Amino acid sequence: MSKMVGIYCSAHHDGTEETLCDECSEFLDYAQLRLEKCPYGDDKPTCANCPIHCYKPARKEQVKKIMRFAGPRMLLRHPILAITHQLDGFRKVGHPRELTREQRMKSREE
């Protein structure tokens, strides 16, 4: 997410890919907080395949805007991340309520 926000910020705001503007920095902090609270943990699927909506409606529109702009540009700037993200999109994932308690705890520990 940080790479995508960096690409978006450098094109639309006064920031660069490494140094974000205040608005983008605030959004990235929000996104990282939401990802930390995700019941999937490190096994979080891509947003398109995720049954849980992490973001509030206004932030959801903001992340869609960022991803739509930065997604195609990721292939040129960060090809390995872009390819692994695309491959991750093929992974099937169940709803966290369908997982056993042990599976949920294991994904949080990793």
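## Salt bridge between Arg77 and Glu17

Arg77 and Glu17 form a salt bridge, with 2.9 Å between the closest N and O atoms. Arg77 belongs to helix H3, whereas Glu17 sits in the loop between helix H1 (2-12) and H2, so the pair ties together parts that are 60 residues apart in sequence. The model discussed here is predicted.

Neither partner falls in the buried class. Arg77 has a relative accessibility of 42% and therefore counts as partly exposed. Glu17, at 28%, is likewise partly exposed, because the buried class ends under 20%.

## The other salt bridges

Side chains of opposite charge can pair when their charged atoms come close. Over the whole structure, the search finds three salt bridges. Besides the pair described above, one of them joins the side chains of Arg59 and Glu26, at 3.2 Å from N to O. This pair links distant parts of the chain, with Arg59 in helix H3 and Glu26 in helix H2, 33 residues apart. The two partners fall in separate accessibility classes: Arg59 is buried, its relative accessible area being 19%, while Glu26 is partly exposed at 49%. The value for Arg59 is 19% and the buried class covers values under 20%, so Arg59 is assigned to that class.

Lys64 and Glu61 also form a salt bridge, and their closest N and O atoms are 3.9 Å apart. The cut-off for a salt bridge is 4 Å, so the distance of 3.9 Å lies within it. Both residues are in helix H3, three residues apart, which means that about one helical turn separates them. Lys64 counts as partly exposed at 33% relative accessibility, and Glu61 counts as partly exposed at 47%.

## Helices and their packing

The protein chain has five helices and zero strands. Read from the N terminus, its elements follow the order α-α-α-α-α. Of the 110 residues in the protein chain, 29% are buried.

For H1 and H2, the axes come within 10 Å and cross at roughly 165°. Because of this angle, H1 is roughly antiparallel to H2. The crossing in which H1 passes H2 is right-handed.

Helix H2 covers residues 22-36 and helix H3 covers residues 57-77; their axes come within 12 Å, with a crossing angle of roughly 110°. H2 is therefore roughly perpendicular to H3. H2 passes H3 in a left-handed crossing. The salt bridge of Arg59 and Glu26 connects this helix pair, with Arg59 in H3 and Glu26 in H2.

## The loop between H2 and H3

Thr46 is located in the loop between H2 and H3. Its relative accessibility is 9%, so Thr46 counts as buried. In sequence, Thr46 and Asp88 are 42 residues apart, while their C-alpha atoms are 6.7 Å apart in space.

Asp88 is within the span of helix H4, which runs over residues 79-88. The C-alpha distance of 6.7 Å thus relates a residue of the H2-H3 loop, Thr46, to a residue of H4, Asp88.

## Nonpolar surface patch

Leu75, Ile83, Leu87 and Phe90 make a nonpolar surface patch of about 450 Å². Ile83 lies in helix H4. With a relative accessibility of 45%, Ile83 counts as partly exposed. Patch members need over 30% relative accessible area, so the 45% of Ile83 meets that cut-off.

Leu87 is also within the residue range 79-88 of H4, and Leu75 is within the range 57-77 of H3. The patch therefore includes residues from both of these helices.

Definitions and conventions:
Residues numbered from 1 in each chain as written. Predicted model: local features only at pLDDT ≥ 70, side-chain atom pairs only at ≥ 80, totals over all residues. Heavy atoms only, no water. Patch = residues over 30% accessible without salt bridge, like charges linked within 9 Å, V, L, I, M, F, W, Y side chains within 5 Å. Areas by Shrake-Rupley, 256 points an atom, 1.4 Å probe, with all protein chains shown as cover. Helix = DSSP H or I, 4+ residues; strand = E, 2+ residues; numbered from the N terminus. Buried < 20%, exposed > 50% of the residue type's maximum accessible area, 1.4 Å probe, protein only. Axes fitted to C-alpha atoms, helices over the stretch in contact; angles between N-to-C directions. Parallel < 35°, antiparallel > 145°, perpendicular 65-115°, else oblique. Left-handed = near helix turned anticlockwise from the far one by under 90°.
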